[in-house]
Amino acid sequence: MTPQRRYRTLRLLFLIGGVIFVSMFLVSSAAAQLTLRGTANPTINITTGTAGGSMTSVVNTSSTIRYTRQAAIAKITVRATCPSQSFHLAVVATGVTRGVAAPQVNLIDGMLAVDFITSIPSAAGWTTSTPTLSYTASAAFSDGNSVEMGNDVYAVTYTLQVQ
Amino acid sequence: MARAPIRFRKPTDLNKALVFPALLLIFACVPQGASAQVYGTDSHNVTVTVATVNIVQVSAGTASLTLSAAAVTAGVNLMGPVTNSATSLLWGFNSSLRKVTVKTNLAAPKFILKVLAVAPTQGTASPEVTLSTTAADFLINTGRSSGSCTIQYSGSALASAGTGTDTHTITFTVAAQ
Amino acid sequence: MIRRERHIATTAGILAVLSLLSATSAFGQQATTTQTLTLQVFETNKIDISQRALSLVINQASLETGAPIEAANEDGNLIWITNGENKKITVASNNAAPRFLVKVNALDISGTSGVAAPEVTLNDNTTKDFVVGVSRSWGKCKIRFVASAKVADGIGTETHLVTYTITGG
């Protein structure tokens, strides 16, 4: 092989590597891999209760979570912050077809990220999946009400990452 | 003898020098399987609101008292009392500083009817009251709680009142304390 | 896509406001509860006696006439209560044909109603008025027994089971 041909070969290798690197960067862009859909910022209202019992829990399923297949087995975690939390909120994924939904997660102010959906397969055969976010809001009478305590506003963050 | 240009000098060393960085670049583009690798993240706000709910409920819509000879003593003008503890009051208040009052709709009852909260699971029972059309404290210090208590009715009558039936509509009301 | 998501967010916001408004109005929901309480008072009559047994002993005679002197007893009390109207208290002996005379009457009636009937003789087992005019009241009286005998009656012992009853007037 002549030196010129070797040079051209090396230059081609650099080019291919660069294309792969840029492609991976684009593929790894956070914007398309995990998105929340449906109601952007849902509000859940607890309005009734049972005398001698508890306030009546309310379930909201107006939001979904869309994630894409990755090159490795992945998982989704969830965490939340809620300063001056007075009431209770939990979340579970329903209708999961790619991966395994974890048990319902109680969202507590300042909590560490915990598993939400695990074992998301990397094998070919699918591109995206969109299960539902099922939020359950609950309160005890002893927790008070929004007039006296204010509303609870949870900032809930979901992360798609390597398992 | 002049040295050839670098690119044509010792081509074997140059290849080695350039192949390694190229392979390193390609290798770096392949996912390593490292645990910290994040593919994507998203977040939203979820707001939970809780309405003001203050509710009371009785376990049964009716109760009755019957004054008969068993509750009567010869020579004593006041007949009775007979008591009924068959029903309960249940409540749920998510407001602070709440109490329960009680009254009757009967403005001129023939006989004497009293009521008392017994063994409340939350709060404090007020002293036994003789029912009138003016609301009186039945249970206090029950803010932000859910509980129950037995409703104890006591009925008595003076001999001079004779016989008959008093029908009361008893109203329990949540009020600010 | 962006317009659709904006529409969804707007609709959700409106629903949230409406929910808050309806939640506020829920304050009046079940803030009172009622119960029907029926207090029945039936006619009730009760009578009691303080002295369950007593003895009258005729053991003296008049020095002038030689006739036996009466024996009296006022130790017993009768108490009663009734919430009925127009009642009376009667007295009766179970002794249908006594040999010796026993009379009884009510003394010192206290309470809110009742008038002593005239003294009666327990000479048979019929019912006789003891206290009359008793209505929706309680009362108390002394029971006065007087036993007498004639020489011709001889000597002996008789027993009376005396029953007092509140009954319709």
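**A walk through chains C, B and A**

Let's start with chain C, which has 1 helix and 10 strands. Follow this chain from one end of its sequence to the other and you meet the helix, then strand after strand: α-β-β-β-β-β-β-β-β-β-β. Keep in mind as you look around that this is a predicted model. Chain C has 169 residues, and 22% of them count as buried. Now take the contacts in chain C whose partners are separated by 6 or more positions: 77% of them link residues 24 or more positions apart.

Next, chain B. Here you'll find 1 helix and 11 strands. Starting at the N terminus, the order is α-β-β-β-β-β-β-β-β-β-β-β, with the helix coming ahead of the strands. Chain B runs to 177 residues, of which 32% count as buried. As for its contacts with a separation of 6 or more, 76% are between residues at least 24 positions apart.

Now for the place where chains A and B share a sheet. It is an open sheet of 6 strands with mixed pairing, and its order is E2(A)-E1(B)-E11(A)-E4(A)-E8(A)-E6(A). At the edges sit strand E2 (43–46) and strand E6 (100–101) of chain A, each of which pairs on one side only. Look along that order and you'll see E1 of chain B sitting between E2 and E11 of chain A.

How do E11(A) and E1(B) run relative to each other, parallel or antiparallel? Strand E11 (residues 152–162) of chain A and strand E1 (residues 38–50) of chain B are antiparallel, and 10 bridges join them. If you want to pick out individual pairs on screen, try Thr159(A), whose bridge partner in E1(B) is Thr41(B). Another is Leu160(A), which is bridged to Gly40(B) of E1(B).

Step back to the whole contact between these two chains: 62 residues come from chain A and 45 residues from chain B. On the chain A side, several elements each supply at least two residues: helix H1 (3–27), helix H2 (30–33), strand E1 (34–38), E2, strand E10 (132–138), helix H3 (146–149) and E11. Which of chain A's elements gives the most to this side? That's E11(A), with 11 residues, the strand we just saw bridged to E1 of chain B. Sorted by class, the side of chain A that touches chain B has 34 nonpolar, 24 polar and 4 charged residues.

Methods
Residues numbered from 1 in each chain as written. Chains lettered and ligands numbered in written order. Predicted model: local features only at pLDDT ≥ 70, side-chain atom pairs only at ≥ 80, totals over all residues. Helix = DSSP H or I, 4+ residues; strand = E, 2+ residues; numbered from the N terminus. Buried ≥ 20, exposed ≤ 12 C-beta atoms within 10 Å, placed from the backbone. Contact = placed C-beta atoms within 7 Å. Pairing = 2+ DSSP bridges. Nonpolar A, V, L, I, M, F, W, Y, C, P; charged D, E, K, R; others polar.
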